[in-house]
Amino acid sequence: MKIITENKRASFEYELLEKYEAGIVLTGDEIKSVRLGHLSLVDCYGFIKDDECFLRNSYIKEYSNSFDAGRYGDNSRRDRKLLLHKDEIAKLKKKIEADRLTIVPTKAYFVDSNLKVEIAIGRGKKLYDKRETLKKKDVEKRIRNN
């Protein structure tokens, strides 16, 4: 497993409840760019539309060595389809609608030359929860340094 990127803000902004592994549909130039490490999951989220799961606002830098570079406009932040089983999508949809949760991508990695995205169901943290997380990290850091 080769990790391409991690969304470190996800665990700070959300309380992550359940994690799933999903494939992602990309074009040839996008996968070439991802192999070079040009993928960002910051400010990215998932949504379900017509019983299909999509990733919105993920950034993949345009592959510069392409013949078609810039030909079709800026597709760097387009919606990308996530590949999940129907029962997983139904389960996600049910939990999201019932508990007002959101789908958050946490990391992207290659498994046997296939790009996978780890998504999690998350509940947004309040400001005081974020402060508590920062305090715990600070205490752990001080303990390690001493």
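**A walk from S33 to the strands and α3**

Let's start inside a helix: S33 sits in α2, which covers residues 28-35. Keep in mind as we go that this is a predicted model. Is S33 buried or exposed? Its relative accessible area is 1%, and the cut-off for buried is under 20%, so S33 counts as buried.

What does S33 have around it, then, once its neighbours within four places in sequence are set aside? The contacts of S33 are H38, I60, K61 and Y63. K61 deserves a second look, as its backbone oxygen lies 2.6 Å from the side chain of S33.

Now over to the strands. β4 takes in residues 45-49 and β5 takes in residues 52-56; the two run antiparallel and are joined by five bridges. Together β4 and β5 make a hairpin, with two residues between them. One residue in that turn, D50, has a positive phi of about 55 degrees. If you want a spot to orient yourself, find K49, which stands opposite E52 in β5.

β5 has another strand to pair with. Three bridges link β5 to β7 (residues 80-83), and this pair also runs antiparallel. Here you can pick out L55, whose bridge partner in β7 is R80.

Last stop is helix α3, residues 86-99. This helix has 14 residues and spans 20 Å from first C-alpha to last, close to the 20 Å you'd expect at 1.5 Å a residue. Right after α3 comes R100, and its phi is positive, near 55 degrees.

Key: Residues numbered from 1 in each chain as written. Predicted model: local features only at pLDDT ≥ 70, side-chain atom pairs only at ≥ 80, totals over all residues. Heavy atoms only, no water. Helix = DSSP H or I, 4+ residues; strand = E, 2+ residues; numbered from the N terminus. Expected span 1.5 Å × (residues − 1). Pairing = 2+ DSSP bridges. Buried < 20%, exposed > 50% of the residue type's maximum accessible area, 1.4 Å probe, protein only. Polar contact = N/O pair within 3.5 Å; in protein donor to acceptor, adjacent residues only side chain to side chain. Contact = heavy atoms within 4.5 Å.
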